[in-house]
Amino acid sequence: MGSEKVSSSFVNETTLVLIKPGGVSRGLIGEVTRRVEARGLTISGMKLINAPRETVETHYAEHRERPFFKDVCDYLTSGPIVAMAVSGPNAIKAIRTMMGATNPIEATPGTVRGDLALTIDDNLTHSSDGEESAARELGLWFSEGMVK
Ligand code: CMP
C-alpha cells in the first residue's frame, strides 16, 4: 500500500447561507439548521426577514445579465427568508458540499438539495461560493455584524 501524506490543516471561515422562501414556507428552517449544527458548524448570526429588493439585487449582481435574474429576485422577495452566518473549519466548502449541486436534480442524495429539493428555481438555499463572495455577502446581509 502506498503512503499518502494527508494534510490536516484547515482554516476557520464564516460563510453566508440563505434559506429561500420555499424552504421557510415548507417549514424547513429546523431541518437545514439541524444539519448545519450536526456537522459541527456554528451559527454565528441568524435572522428571519422580508428581504429588501435592493439587497437581493445587490446580492445577485453578478447574474444581472442572466435570463433568470428577474425571476430569482422576484422569488427571493416573495416571502420571508432566513439569513445565516455559519462559522467553522473550512465552512465555505463544507456548506457548499452539504447543500449539493445548484440544480437539485443533479444533487447527490444526502445533501440538502438532493434530499429536499427538485427544481433549480426553488433550490432551497443559497451559500457563498468562495472567500471573496462570503466576505461580500456577509457584509451585505449582516451589515450590523454577527452575534458571535
Ligand atoms: P443560487 O445559489 O441562489 O444562485 C443563483 C440562483 O439563481 C440559483 O441559486 C438558482 O436558484 C437560480 N437559478 C435559476 N435558473 C438558474 C440557472 N440556469 N443557473 C443558475 N442559477 C439559476
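**The ligand pocket and three buried residues**

The ligand takes up the space of the largest pocket. Keep in mind that this is a predicted model.

Student: Which residues surround the ligand?
Tutor: Let's go along the chain. Early on there is Lys20, and then come Tyr60, His63, Phe68 and Val72. The rest of the list is Thr102, Ile120, Asp121, Asn123 and, at the end, His126.

Student: How many nonpolar, polar and charged residues does the shell around the ligand have?
Tutor: Sort the shell by class. Lys20 and Asp121 are part of it, and Lys and Asp count as charged. The full tally for the shell is four nonpolar, four polar and two charged residues.

Student: Which residue has a backbone N or O atom 2.9 Å from an oxygen atom of the ligand?
Tutor: Set the side-chain cases aside to begin with. Lys20 has a side-chain N or O atom 2.8 Å from a ligand oxygen, and for the side chain of Asn123 the distance is 3.1 Å. The backbone case, at 2.9 Å, belongs to Ile120.

Student: What percentage of the ligand's accessible area does the protein cover?
Tutor: Start from the ligand on its own, with 450 Å² of accessible area. Of that, the protein covers 80%.

Student: Is His126 buried or exposed?
Tutor: His126 is in strand β4 and belongs to the set of residues around the ligand. Its relative accessible area is 13%. The cut-off for burial is under 20%, so with that 13% His126 is buried.

Student: What is the distance of the polar contact between the side chains of His126 and Glu137?
Tutor: Don't mix up the two partners here. With the side chain of His59, the His126 side chain makes a polar contact at 3.3 Å. With the side chain of Glu137, the distance is 3.1 Å.

Student: How far apart are the C-alpha atoms of Leu124 and Val112?
Tutor: Leu124 sits in the loop that runs between α6 and β4, and it is buried, at 0% relative accessible area. Val112 is twelve residues away along the chain. Their C-alpha atoms are separated by 8.2 Å.

Student: Why does Trp141 count as buried?
Tutor: Trp141 belongs to helix α7, residues 131-141. Burial requires under 20% relative accessible area. Trp141 counts as buried because its relative accessibility is 3%.

Student: And what separates the C-alpha atoms of Trp141 and Ala107?
Tutor: Along the chain, these two are 34 residues apart. In space, the separation between their C-alpha atoms is 26 Å.

Terms used: Residues are numbered from 1 along each chain as its sequence is written. This is a predicted model: local features need pLDDT of at least 70, side-chain atom pairs count only at pLDDT 80 or more; totals for chains, interfaces and linings use all residues. Side-chain values use heavy atoms; hydrogens and water are left out. A residue is near a molecule or strand if one of its heavy atoms lies within 4 Å of it. A polar contact is a pair of N or O atoms within 3.5 Å; within protein, one must be able to donate a hydrogen and the other to accept it, and residues adjacent in sequence count only if both atoms are side-chain atoms. Accessible areas come from the Shrake-Rupley method with a 1.4 Å probe; for residues, only the protein chains shown count as cover. On a 1 Å grid over the protein atoms alone, a cavity is a set of points where a 1.4 Å probe fits but cannot get out, and a pocket is an open set with protein on both sides within 12 Å along at least five of seven lines; lining residues have an atom within 4 Å of a point. A molecule sits in a cavity or pocket if more than half of its atoms lie within 2 Å of its grid points. Helices (H or I, at least four residues) and strands (E, at least two) are DSSP runs, numbered from the N terminus. Buried means under 20% relative accessible area, exposed over 50%, partly exposed in between (1.4 Å probe, protein chains only).
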